[in-house]
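Please open the structure in your viewer and keep the sequence beside it. The stops below state what to select at each point and what is to be found there.

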Amino acid sequence: MWLLRLSSHTREQMERILVAGLDPAFAAFGIARLWLDLKTLEFEFDRFRTIWTDKRAGKGKVVRQNSDDLRRATELHEGLHEELKGCTVAFGEIPSGSQHSRSAYGFGVAVGVLASVKLPLIQVMPLETKLASVGSKTAEK
């Protein structure tokens, strides 16, 4: 009922929303922005960005590991929030299932960055993403 009170310009804007698809990781965080037509449920590509965080700490100890990790997490956080501007909702895979402590640490950073998202975040499983994108649950990443 309240939609009837909106101007035609506002109603046209409500027919399309900007959404984000998130593929979080510590080293390469993928973000796709798409326009979703609410009438047809079809997507139109807006842009894609991968936030690459290079490791600078190493055996030479020029940069402490924890300082480098904080820098990388900050780059992910700032880049993600820059890309989410104007979006209404986000869809994201939630990392899980690591075999090594360093991988688990990276997953923790990625989950923490996702937790900072103030938009509604619809969680999707990697299996769902593979089926929806290429039609096979055994597809490679």
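**The whole chain**

Begin by selecting the entire protein chain and displaying its surface: about 9600 Å² is exposed, and carbon and sulfur atoms supply 59% of this area. Please bear in mind that the model is predicted. Of the 141 residues in the chain, 28% count as buried.

**Confidence**

Next, colour the chain by pLDDT. The mean value is 86, and 88% of the residues reach 70 or more. Then select residues 1-9, where the pLDDT is below 50; beyond near neighbours in sequence, this stretch has 5 contacts in the model.

**Helices and strands**

Now change to a cartoon view. The protein chain contains 4 helices and 5 strands. Followed from the N terminus, these elements appear in the order α-β-β-β-α-β-α-β-α. Consider also the contacts in the chain with a separation of 6 or more: 53% of them join residues that are 24 or more positions apart.

**Helix α4 and a surface patch**

Select residues 126-134, which form helix α4, and locate L131 within this helix. Is L131 buried, partly exposed or exposed? Its relative accessibility is 44%, so L131 counts as partly exposed; the partly exposed class lies between under 20% for buried and over 50% for exposed.

Finally, add M125 and L127 to the selection and show the surface again. Together with L131, these residues make a nonpolar surface patch of about 280 Å².

Note on methods:
Residues numbered from 1 in each chain as written. Predicted model: local features only at pLDDT ≥ 70, side-chain atom pairs only at ≥ 80, totals over all residues. Heavy atoms only, no water. Patch = residues over 30% accessible without salt bridge, like charges linked within 9 Å, V, L, I, M, F, W, Y side chains within 5 Å. Areas by Shrake-Rupley, 256 points an atom, 1.4 Å probe, with all protein chains shown as cover. Salt bridge = Lys/Arg side-chain N within 4 Å of Asp/Glu carboxyl O. Helix = DSSP H or I, 4+ residues; strand = E, 2+ residues; numbered from the N terminus. Buried < 20%, exposed > 50% of the residue type's maximum accessible area, 1.4 Å probe, protein only. pLDDT = per-residue confidence, 0-100. Contact = heavy atoms within 4.5 Å.
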